[in-house]
Amino acid sequence: MNPINEVHVSEPGLVVVDVAAADDETALAFQQQLADRWATATAEHTTRDAGEPGVRLRCYLDLRQPTGPATALADAVPEVSAAASR
């Protein structure tokens, strides 16, 4: 996978998720579970690395923008003041 771009994790609550799964269906189902709960930039397809088992997928989440039922992970992201983030 490509390196993570700094802008994708520039603020608390922004997350890059790299998924490794046995097959496309599993990886895409997992991504859908994330998208059902938080604002998510989803991948259209998985990738395969030559000589490696399974598939890979990367998606980007914004835990600050829940779209579905609240979860413990969403509740765990603390509010950060501007002063604290300097």
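# A guided tour of a predicted model

Of the 86 residues in the protein, 23% are buried. The model on the screen is a predicted one, and the tour below moves from the whole chain to single side chains.

## The whole chain

Begin with the entire protein in a cartoon view. Two helices and three strands make up its secondary structure. Followed from the N terminus, these elements come in the order β-α-β-β-α. Next, switch on the surface. The accessible surface amounts to about 5,900 Å², and carbon and sulfur atoms account for 53% of that area. Contacts within the chain also deserve attention: among those between residues at least 6 apart in sequence, 62% join residues at least 24 apart.

## The sheet

Select the three strands together. They form an open sheet in the order 1-3-2, and the pairing is antiparallel. Which strands stand at the edges of this sheet? They are strand 1 (14-21) and strand 2 (38-41); each has a single partner strand, so one side of each is left without a neighbour in the sheet. Turn the view to look along the sheet: from one strand to the next, the twist averages 35°.

A general point helps here. Strands of a sheet pair through backbone hydrogen bonds, and the pairing may be parallel or antiparallel.

Now keep strand 1 and strand 3 (residues 55-66) on display. Eight bridges join this antiparallel pair. To see one position in detail, select A21, which stands opposite V55 in strand 3.

## The helix across the sheet

Add residues 24-35, which are helix 1. This helix lies across strand 1, strand 2 and strand 3, and helix 1 runs at about 5° to strand 3.

Two residues of the helix offer a useful contrast. Select Q31 first, a residue of helix 1. Is Q31 buried or exposed? The relative accessible area of Q31 is 5%, and a residue counts as buried under 20%, so Q31 is buried. Leaving aside neighbours within four places in sequence, Q31 is in contact with T42, A43, L57 and C59. Display these four residues as sticks around Q31.

Then select T26, which also belongs to helix 1. With a relative accessible area of 42%, T26 is partly exposed. Draw a distance from the C-alpha of T26 to the C-alpha of V55: the two are 9.3 Å apart in space, although 29 residues apart in sequence. V55 is the residue already seen opposite A21.

## The nonpolar core

Select V17, V19, A21, A27, L34, W38, A43, V55, L57, C59, L61 and L63. These 12 residues make up the largest nonpolar core. Strand 1, helix 1 and strand 3 are the elements that give two or more residues to this core. Which element gives the most? Strand 3 does, with five residues. Both A21 and V55, the facing residues of the sheet, are members of this core.

## The salt bridges

The final stop concerns charged side chains. In general, side chains of opposite charge can pair when their charged atoms come close. In the whole structure, a search finds four salt bridges.

Select D18 and R58, whose side chains meet in a salt bridge with an N to O distance of 2.5 Å. What does this pair tie together? D18 lies in strand 1 and R58 in strand 3, so the salt bridge links parts that are 40 residues apart in sequence. The two partners differ in exposure: D18 is partly exposed at a relative accessible area of 40%, whereas R58 is buried at 14%.

Move next to D49 and R56. Their salt bridge has its closest N and O atoms 3.1 Å apart. D49 counts as partly exposed at 32% relative accessibility, and R56 is partly exposed as well, with a relative accessible area of 28%.

Finish with R64 and D62, which form a salt bridge in which the closest N and O atoms are 2.8 Å apart. R64 is partly exposed at 41% relative accessibility, while D62 is buried, with a relative accessible area of 9%. Add E11 to the selection: through salt bridges that share partners, E11, D62 and R64 are joined into one network.

Definitions and conventions:
Residues numbered from 1 in each chain as written. Predicted model: local features only at pLDDT ≥ 70, side-chain atom pairs only at ≥ 80, totals over all residues. Heavy atoms only, no water. Pairing = 2+ DSSP bridges. Helix = DSSP H or I, 4+ residues; strand = E, 2+ residues; numbered from the N terminus. Axes fitted to C-alpha atoms, helices over the stretch in contact; angles between N-to-C directions. Contact = heavy atoms within 4.5 Å. Buried < 20%, exposed > 50% of the residue type's maximum accessible area, 1.4 Å probe, protein only. Core = buried A, V, L, I, M, F, W, Y, C linked by side-chain atoms within 4.5 Å. Areas by Shrake-Rupley, 256 points an atom, 1.4 Å probe, with all protein chains shown as cover.
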